[in-house]
Amino acid sequence: MSTAVANNIRLKRVYDAASPDDGYRVLSMRYWPRGVAKTAVDEYTAKTAPSKELLHAFRNEGIAWEPYVAAYLSEMEGDEALWEIARLAELAKSRTITLMCACVDEGRCHRSLLRQLVIAAG
């Protein structure tokens, strides 16, 4: 784990106001959020977001947080996700990045899990 990477990663809801402290703003969602301008973020990636099926199970079928976490972490073991996570870790070595999603509860959102993955990759 890289301390520099950990110190350079912030989490934020995409609907919160932008701040100079955000640094490089990365939106990680399967779908583009309603009402958010494309210029509100520096980068958009769906490769680090939960699959459509996992999102549906979590939001509509009542899957609990613990199975959701396990399923999300499993999805992030794919080649595209691993590449994206490593790329974000490389960015975070030299600059502040803010990982964003639309979820209200940061503690029950994939962005908190993604932060852990990026730190581990750093």
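Me: Before we look at strand β2, what does "buried" mean here?
Reply: A residue is called buried when its relative accessible area is under 20%. Keep in mind that this is a predicted model.

Me: Okay, so how many residues of β2 are buried?
Reply: In strand β2 (residues 24-28), 5 of the 5 residues are buried, so the strand is largely enclosed by the rest of the structure.

Me: Which way do those side chains point?
Reply: Tyr 24, Val 26 and Ser 28 point one way from β2, while Arg 25 and Leu 27 point the other way. That fits a general pattern: in a regular strand the side chains alternate between the two faces of the sheet.

Me: Which strands does β2 pair with?
Reply: β2 pairs in the parallel sense with strand β4 (residues 97-101), over 4 bridges. It also pairs in the parallel sense with strand β3 (residues 43-45), over 3 bridges. Take Val 26 as an example: it stands opposite Leu 99 in β4 and opposite Glu 43 in β3.

Me: Glu 43 has a charge, right? What does Glu 43 form a salt bridge with?
Reply: Its partner is Arg 87, and the closest N and O atoms are 2.1 Å apart. Glu 43 lies in strand β3 and Arg 87 in helix α4 (residues 79-92), so the pair ties together parts that are 44 residues apart in sequence.

Me: Are those two buried or exposed?
Reply: Glu 43 is buried, with a relative accessible area of 12%. Arg 87 is partly exposed, at 23%.

Me: What other side chain meets Arg 87 in a salt bridge?
Reply: Glu 84 does, at 2.4 Å from N to O. Glu 84 and Arg 87 are 3 residues apart in helix α4, separated by about one helical turn.

Me: Switching topic: which residues of helix α3 are buried?
Reply: In α3 (residues 65-75), Trp 65, Tyr 68, Val 69 and Tyr 72 are buried. They cover an arc of only 100° around the axis, which puts them on the same side of α3. What covers them includes α2 (52-60) and α5.

Me: And Arg 111, where is that found?
Reply: Arg 111 is in helix α5 (residues 110-121). Arg 111 is buried yet has no salt bridge.

Me: How far away is the nearest side chain of opposite charge?
Reply: That side chain is Glu 106, 4.0 Å away. Leaving out residues up to four places away in sequence, Arg 111 touches several others, including Leu 11, Lys 12, Leu 99 and Cys 103.

Methods. Residues are numbered from 1 along each chain as its sequence is written. This is a predicted model: local features need pLDDT of at least 70, side-chain atom pairs count only at pLDDT 80 or more; totals for chains, interfaces and linings use all residues. Side-chain values use heavy atoms; hydrogens and water are left out. Helices (H or I, at least four residues) and strands (E, at least two) are DSSP runs, numbered from the N terminus. Buried means under 20% relative accessible area, exposed over 50%, partly exposed in between (1.4 Å probe, protein chains only). Lys and Arg count as positive and Asp and Glu as negative; His and the chain ends are not counted. Contact means heavy atoms within 4.5 Å. The arc is that of the directions from the helix axis to the C-beta atoms. Two strands pair if DSSP finds at least two bridges between them.
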